[in-house]
Amino acid sequence: MDEHTERSEHAGYEQGDGITEGMIHKSAYEIQMEEEERAQQKKKQNEMSDSIEESVQYWQHNDDISPRMSDNKNTLKQVLGLGESFDVDLREMVLGGKHVGLLLLTGFAKDEILLEVLKRLTYLSPDQVSEHALKSYFECYIPHIQVERVDKMSAVIRKVLMGMSAMFVEGDRSVLIMDTRSYPVRSPEEPSLERVVRGSRDGFTETLLTNVALVRRRIRDPGLKFELMQVGRRTQTDVCVVYIDDIVDKVQVDSVREKIKRVDIDGIPAADKQLEEAIINKGWNPFPLVRYSERPDVTASHLMEGRVVIFVDTSPSVMILPTTFFDLCEHAEENRQTALMGTYLRWVRFAGILISLFLLPLWMLMVIEPSLKPPGLDFIGPQESVKLPIILQFLLIELGVDLLRMAAVHTPTPLASAMGLIAAILVGDIAVKTGYFVNEVVLYMAIAAIGMFATPSYELGLANRLVRLLLLIAVAIFKVPGLVAGTTILIVALTIHRSYNSSYLWPFIPFNAKAFGSFLFRLPLLVSKKRPSINKTRDNTKMSDDPDGELQKSKKHK
């Protein structure tokens, strides 16, 4: 073997040795990366954070923003799901010679605003940006109104989850937050549960900002306050406490605010109803302690009376408190008519509510005890024998009405009429003809159902229906003592029922003649000069006792 061949083989051995060592080093690097990835996965599986703050501190041991973009990206990857969730985007670019990252949720970002901001920043040269680039962007070069600086990573993530955009700058420990969100929203429509013949046709939507604007449009008072806070460790739902500062009872506002802040649960995806249960804690009591409304004009009226209103984002209704049994029996239509017609409509509605409660128990009592029938009402009661007991007929029809109501909710609109015809004609008529039901049972049950649906508050109507069922059972078992005892227990239960330390049956118990008269009669606007005393308002007067201003003129003249 010649010298050239030996050198070639020797070089080949050396080259081969080099490839082998490179392959060994590469495999070791891959093994190390795999081990690090497994460690990250294990760490992620072991995470049991209850809040964003805890999650950020779990991954980076503090809540500060790192000046290195790579560290921030790693935190965002682990906490926010950057690179895993398709709608979480971090747009990295160089603006004015600085490495910048724009963090946003693509579903909430408003493209037009972001394009204008980026268009302005792309024209910057490095000499136009100072050493503190973020300060220069904030003070000079971002053409947007709602911009703020944040220096906590948890606050940045929370803002981004609310739909805002965050701008990270390499070398800076602060982040710029821009309000570029655009929520999916429907146009305000008239609420289906609070329709009026005359009046506004706009109603609340699922977007909090839209609902706030609808109320602001009606009350142009600088004392109208909107306090925003978040509820739920995971949902971080926006909750807004609304009141008029110089009218409302501040003790009540403080109580509501503190109760909302003390709510410590994962979230309230069902919005206002879950929040009501969290702050009211009424247990198994069926009667509502707050009034729900989807009308901005009704909400504005209650705010002017000194009530506290709670807005919850994603809910098209608001909570009004405190409330009473008689408040839940009023409707906006009464204030859209004259005082006389409004009073008439109110009495008809009150009569419907009483009928929905007591008509069926009284009729069944007269059937069981014929001696209780007043003279001239001997025709009351079944004239022929039937196959089923009266109480069983009532229970079956109550169940049927509830099934019909639930079916109407889930039935497409074009089929709702057909379903109603089937229930009313086929089921009802055939049940009577076959002798299973009495005509009067079907008739009175229909009248009671109409009274229940005429109740302005949907929640109160359902509660009254449950009370009617209990009264029917009490009458069937104990007859007259059952009706008397059931009615007494109902009144006592409503009397001891409290709505934010206010009597639920006010002004009947405790009795307030003037306030009770204002509930029985829809008074003319200029006659009602005082706000309801149950609200404990700081300013109790709706209008001046000196409408012409003569007193002020005389003081000014002096």
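**Close-up views of two pockets and a sheet**

**View 1. Helix α6 gives the most to the lining of the second largest pocket, with 3 residues.** In this predicted model, two or more lining residues also come from each of α2 (52-60) and β7 (237-244), as they do from α6 (153-161). The pocket holds about 850 Å³ of space. Look for Ile52, Leu161, Arg234, Thr235 and Gln236, the closest to its centre among the 28 residues that line it. By class, the lining has 12 nonpolar, 8 polar and 8 charged residues. Domain 1 (49-178) and domain 2 (208-323) both contribute lining residues, so this pocket lies between them.

**View 2. The largest pocket has a volume of about 1400 Å³.** Its lining counts 41 residues, and Glu305, Asn335, Leu525, Ser528 and Lys542 lie nearest the centre. Two elements, α10 (296-304) and α17 (513-520), give two or more residues to this lining, and α10 gives the most, with 6. Here the lining divides into 15 nonpolar, 9 polar and 17 charged residues. Because domain 2 (208-323) and domain 3 (335-384 + 438-503) both give residues to the lining, the largest pocket lies between them.

**View 3. Five strands form an open sheet in the order β1-β2-β4-β5-β3, with antiparallel pairing.** At the edges you will find β1 (88-95) and β3 (147-150), each paired on one side only. From one strand to the next, the twist averages 25 degrees. Helix α4 (residues 111-122) packs on the sheet, touching β1, β2, β4 and β5 (175-178), and its direction makes about 25 degrees with that of β1.

**View 4. Strands β2 (residues 98-105) and β4 (residues 165-169) pair in the antiparallel sense over 4 bridges.** To find your place, start at valine 100, whose bridge partner in β4 is valine 169.

Definitions and conventions:
Residues are numbered from 1 along each chain as its sequence is written. This is a predicted model: local features need pLDDT of at least 70, side-chain atom pairs count only at pLDDT 80 or more; totals for chains, interfaces and linings use all residues. Side-chain values use heavy atoms; hydrogens and water are left out. Two strands pair if DSSP finds at least two bridges between them. Axes are lines fitted to C-alpha atoms, for helices over the stretch in contact, and angles run from 0 to 180 degrees between N-to-C directions. Contact means heavy atoms within 4.5 Å. On a 1 Å grid over the protein atoms alone, a cavity is a set of points where a 1.4 Å probe fits but cannot get out, and a pocket is an open set with protein on both sides within 12 Å along at least five of seven lines; lining residues have an atom within 4 Å of a point. Grid points are joined across faces, edges and corners, and a volume is the space filled by probe spheres set on the points. Ala, Val, Leu, Ile, Met, Phe, Trp, Tyr, Cys and Pro count as nonpolar, Asp, Glu, Lys and Arg as charged, and the others, Gly among them, as polar. Domain bounds come from an automatic or database domain assignment.
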